[in-house]
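Okay, thanks everyone for squeezing in. I'll put the structure up, and then I'd like to walk through two places in it.

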Amino acid sequence: MSPIVLFFILSHIFGNRIESIQNKFLESNASIYSFLKENLSIIPLIKVFNLEKWSKNRFSKQMGVYYGISINYTKTSSLNTSLSSLILGVPIVLLITFGGYKVLDGSLSLGTFTAFMSYTSIFFSPISQLSRIWTTYKSSLPAFDRIKEVMDMEPEKNVGRNITITSGEIIFENVWFSYDNRPILKGVNATFKKGLNYIVGDNGSGKSTMLKLLCLLYPVEKGSIKIDGQNIVEVKREELIKNISMIFSDPYLFDGSIYENIKIGTLNAKKEDIIHAANWLIYMNLLKAHQINIIQK
Ligand SMILES: Nc1ncnc2c1ncn2[C@@H]1O[C@H](COP(=O)(O)OP(=O)(O)OP(=O)(O)O)[C@@H](O)[C@H]1O
Ligand SMILES: [Mg+2]
């Protein structure tokens, strides 16, 4: 029975080690994927700024970490398998030696010895399987934890009342907001009346964030945003979004023609509407270029 105690201690130690290595392995794997995704999408930028070497070095560094962790994982799990086999193998060798000697001196019958040997292997076999299952379980725990993080997220609720737009007045009242505990908006007050309004501020001062808050992409920490007196958090998100259009400064074009891309805005739009929108977009772009000039001056 003594190898079993050793066996469980070993499984416990190696199980924990494998779990922590697997955790690092998944993190490294995820960072390599996000690095690739980011870098493949900015290849022209990397070339224009002559950053090939810099990008290659960063990738090599990440691959080095990944390689190190993979080797560590393989070494640890191989060591675990070898030590488990050793712990179960040594008693068998001892039994054969000790039992064989007893059979030779006649104090044990060959039948009893053979039966004992086969009982021993029948007994050890599920224990060795148990150890394998335990380490597999431990190595899959980090992956399970990552999935659980996503599964535990609260689904977006689409509850609340419908919104009624009358004059389209938007009021930010003492709005506070932070990204990862970094305060961006600190008690912002602003009123936007119907018509053309501007938000002017330094880079990174929180202009786009204000618009994202207006679309309920993030919840306001403190204060409120009201459209015609209706607090946006009390309104159905779907209803709110129907009344807002937004063009980000880094527009994304879906794979398809410009015609199809414009159509995404209103899926049942007629051809004339799309052509009208295209003309309007050209006009807005000219206007934007003009505004940039004004702001720079
Ligand atoms: N998703 C995010 N997670 C963490 N920080 C963010 C996130 N989005 C923006 N930030 C940070 O919040 C600050 C405000 O960003 P925001 O995009 O609102 O600024 P902005 O005024 O629109 O800037 P710009 O003039 O460059 O468009 C910046 O410092 C930015 O780095
Ligand atoms: Mg912005």
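So, to start: how far is an oxygen atom of ligand 1 from an N or O atom in the side chain of S208? The distance comes out at 2.7 Å. Keep in mind that this is a predicted model, so that goes for everything I show you today.

Staying with the ligand, S208 has company. T209 puts a polar side-chain atom 2.4 Å from a ligand 1 oxygen, and for N203 the corresponding distance, again polar side-chain atom to ligand oxygen, is 3.0 Å. On its own, ligand 1 has 640 Å² of accessible area, and the protein covers 64% of that.

Who's around it? Going along the chain, you have Y179, R182 and I184, then the run D202, N203, G204, S205, G206, K207, S208 and T209, and finally Y218. Sorted by class, that shell has six polar residues, three charged and three nonpolar. Two elements put two or more residues into it: strand 2, which spans 182-192, and helix 5, at 207-214. Helix 5 is the top contributor, with three residues.

Okay, second place: the helices. Have a look at helix 3, residues 52-104, and helix 4, residues 110-151. Their axes come within 11 Å and cross at roughly 170°. With angles over 145 degrees counting as roughly antiparallel, that's why we call this pair roughly antiparallel.

What do they touch each other with? From helix 3 you get, among others, Y73, N80, S84, L88, P91 and I92, with G99, G100 and V103 also in the set. Helix 4 answers with residues including L110, F113, F116, M117, F124 and S139. By class, this contact has 12 nonpolar and nine polar residues, and no charged ones at all.

That's my tour, happy to take questions.

Terms used. Residues are numbered from 1 along each chain as its sequence is written. Chains are lettered from A and ligands numbered from 1 in the order in which they are written. This is a predicted model: local features need pLDDT of at least 70, side-chain atom pairs count only at pLDDT 80 or more; totals for chains, interfaces and linings use all residues. Side-chain values use heavy atoms; hydrogens and water are left out. A residue is near a molecule or strand if one of its heavy atoms lies within 4 Å of it. A polar contact is a pair of N or O atoms within 3.5 Å; within protein, one must be able to donate a hydrogen and the other to accept it, and residues adjacent in sequence count only if both atoms are side-chain atoms. Accessible areas come from the Shrake-Rupley method with a 1.4 Å probe; for residues, only the protein chains shown count as cover. Helices (H or I, at least four residues) and strands (E, at least two) are DSSP runs, numbered from the N terminus. Ala, Val, Leu, Ile, Met, Phe, Trp, Tyr, Cys and Pro count as nonpolar, Asp, Glu, Lys and Arg as charged, and the others, Gly among them, as polar. Axes are lines fitted to C-alpha atoms, for helices over the stretch in contact, and angles run from 0 to 180 degrees between N-to-C directions. Angles under 35 degrees count as roughly parallel, over 145 as roughly antiparallel, 65 to 115 as roughly perpendicular and the rest as oblique. Contact means heavy atoms within 4.5 Å.
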